[in-house]
Each structure stands twice: as structure tokens, then as C-alpha cells.
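Please have the sequence and the model at hand while reading, since the explanation moves from one element to its individual residues.

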Amino acid sequence: MRRRDFIKTGMLGALIAASPVSISALDSPTRPTAKAGRLNLSFRPYELKLRHAFNLARNQRTTTPGVQVQIEYDGITGYGEASMPPYLGESVASVSEFIGKLDLSQFSDPFRIEEIHEYMESVAPDNRAAKASVDIALHDLSGKIMGQPWHKIWGLNPDKTPNTSFTISYDADPVEMKKKIEETSPYKVVKVKMGLDHDKEIVEALRRHTDVPICVDANQGWNNREKALEMCHWLAERNCLFVEQPMDKAAIDDTAWLRERSPLPIIADEFLQRLPDVRRAAQAYDGINIKLMKSTGMHEAYQMAVLARALGMKVMLGCMTETSCAVSAAAQLAPMVDWADLDGNLLIANDIFDGMKIVDGKVTLNDRPGIGVIPV
């Protein structure tokens, strides 16, 4: 391949954050005229609207701010996404500001993903979702240039993808709660958000409707190890597969105590961000939940899965509330994992991509190159 230069657009994050733009213009965003042989980076905000309110241990929300990213190169477009739930500490403004600082003209081609990640780290620390959006777009672009989906580039068997869980949370409105439970019918695993005052109530309501396996995400909501252990025993009697982040991420000793006594695997979520955290997690958890918005994208997520396997840990693949863009990017790693929670696109009412599907409850990959998405 001949050597080629990158360029970046001069889009101002503050301006973008101040005035949300409809993603219906995704195929023709405002950007400089594309030049052959150069990367043309563009981005715009997009607010994800949840089908139902998320009632979590530490907050409630009905929307998730996001930023959609494109990288165009010789007439080929790679798509990326940043999704920013409140606890990540990022915003449309911070993502836009970070991307606006990037100067990729020093790189010769879009395949130098490792070097581009090193450069992004040098520009600013953290900004994990912002970096993930660029990483996903680069993977989509490079996969399209190669004409192959990333699960094939990694040598993974698409037949080995797991079932995905479908997430519900408690709602005080009985009618709304009934709707949430009914929506779980097509899925073979249900993920229950806990950490509130109604943890047992929601499981009992669900069990009146279905006996499919459940998994639990306490979102750091159980405030002591004795309560956490009691809940683990109670859940084990109700066909629960594992418990995710039962206590505060700082309570490492208490979590290690719980792991030694729990009848269910204990999985790290908020405790785990990036690759260096995997070895730390092995001291107190049975497994890890990898999310692209925390790992800075597909590149490091793959490394985390490989390391966790080498350490004998279980691996879960998760997501935020995202469009099919980021969910399909994560799904490329699905054949590597024990469990998947890739329902972020199913929980929103305004998806703008067509990508991976859930067929009879199972994560199902397509053969489209890159991350496997097309704009709707």
C-alpha cells in the first residue's frame, strides 16, 4: 500500500455540544471536502433515547448522550461511536474537545492502530469513550479495506457466540414493570439491575413470568459483604448465573471475602476499566466484564480478553446504551467470551444503524466487512 497522510477536521467540541444535530445527516455531515488518500475525520452529537427509564443503584436516566464518528478514506467510510453514561465522567463536550485536538496527519495509513492509540494516550489521559469512537471507526475502515469482518480477521468462529442477556430494572409502576418483563420473552438470559430497595421483588415478579436463567448487576449497590453473601445464596436458588459488581469498586478486600464464599461467580464491572486492571481484578473477582467505552475500543478489549483467559478468569462482553454501531463492534469479540450482554441497541428507540442481530436469543454476526454495520 502506498504511503498516505491523515488529516483532521477543525470541528469545535463546544459548538457541537451546544447545538445537537440530527444524525439523519450522518451520510453527509459537515466537513471539508474529502481528499483522496487522506483520512477525513468528522463527528457529531446524538442523544440516545431509552425505551424505558433505567433505574440503577446510584441514578436514574431516560437518555444517554453520544457522539457519532466517521473516518472517510479513499471513498470508504468507517463508523465509530462514543456513548457516555453519567458514571463514566465524559460528555459530548469533552469527547468533542478531545477529538478536535487530534492531529493524525503524521500517520501514513489507517492500519497503524497501535501507534494511533499511543498517540491518543499522549494527547490526553482518560477520555476512554472518545478514544473508543476513533478506535471503532478505524477498525471499521480497515476491515472494509481488507474486505473482511473483524471476527474473521481475529480468526474467531462466529458459531461460538453466546446468548445475550436482556436487561431490565425495577419500576414502581406495575404497568410499566409488566411491560419490561414481557419484553424479555424472546431472550434466553435476563439481566436484572439491582442495588435498590426492591431487589428480591423484581426477581420474584420475573419468576412468575419465566424460569430462564438470570444474571444480576448490583452496580455497587450492596453496602456490606454479609448482605451481598445472603443475596448470592438467595439468587443461586433462583437460577442465577453470576453477580456483577456487588459492592463498591474500592471494597477489594470485602469482594475477595465474598468470592471465597459465594455460590455464584463474582464479575468485575465498575472496578475494571482497561488492560492493567485485569490482573488486579484477578485478586478479587472470578471474571471481568469488558466494555468498549471503558477499554478505549476494540484494540485493547481484545487484549483484555486474551489476558483474562490466560489468568483463568471468566469473560463477559458488555455494552452501554449504544446504537448498533458500537454494539456490533463489541460483538466481533463475542466468540471469545462466556457471557454477553449486548442489548444496548435493543434498549433504545432511535437506532440509526443496521448491524449484528439477536436471533433466538443468540448474538449473530454477519459477513459485512469491518464491524458489520450500515447506516439506516
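The paragraphs below look at one helix, one residue within it, and then a residue in a strand.

This is a predicted model, in which local features need pLDDT of at least 70 and side-chain atom pairs count only at pLDDT 80 or more, while totals for chains, interfaces and linings use all residues. Residues are numbered from 1 along each chain as its sequence is written, and side-chain values use heavy atoms, with hydrogens and water left out.

Helix α12 covers residues 298–310, where helices (H or I, at least four residues) and strands (E, at least two) are DSSP runs numbered from the N terminus. Its 13 residues reach 19 Å from first to last C-alpha, close to the 18 Å expected at 1.5 Å a residue, the expected span being 1.5 Å times one less than the number of residues. Among the buried residues of α12 are M298, E300, M304 and L307; buried means under 20% relative accessible area, exposed over 50%, and partly exposed in between (1.4 Å probe, protein chains only). Just after the helix, G312 takes a positive phi of about 75°.

R309 also lies in α12, but counts as partly exposed because its relative accessibility is 35%. Leaving aside residues up to four places away in sequence, R309 touches K314, V315, M336, V337 and D338, contact meaning heavy atoms within 4.5 Å. In addition, a polar atom of the R309 side chain lies 3.5 Å from the backbone oxygen of M313.

T167, in strand β7 (residues 165–168), is buried, because its relative accessible area is 7%.

Note on methods: A polar contact is a pair of N or O atoms within 3.5 Å; within protein, one must be able to donate a hydrogen and the other to accept it, and residues adjacent in sequence count only if both atoms are side-chain atoms.
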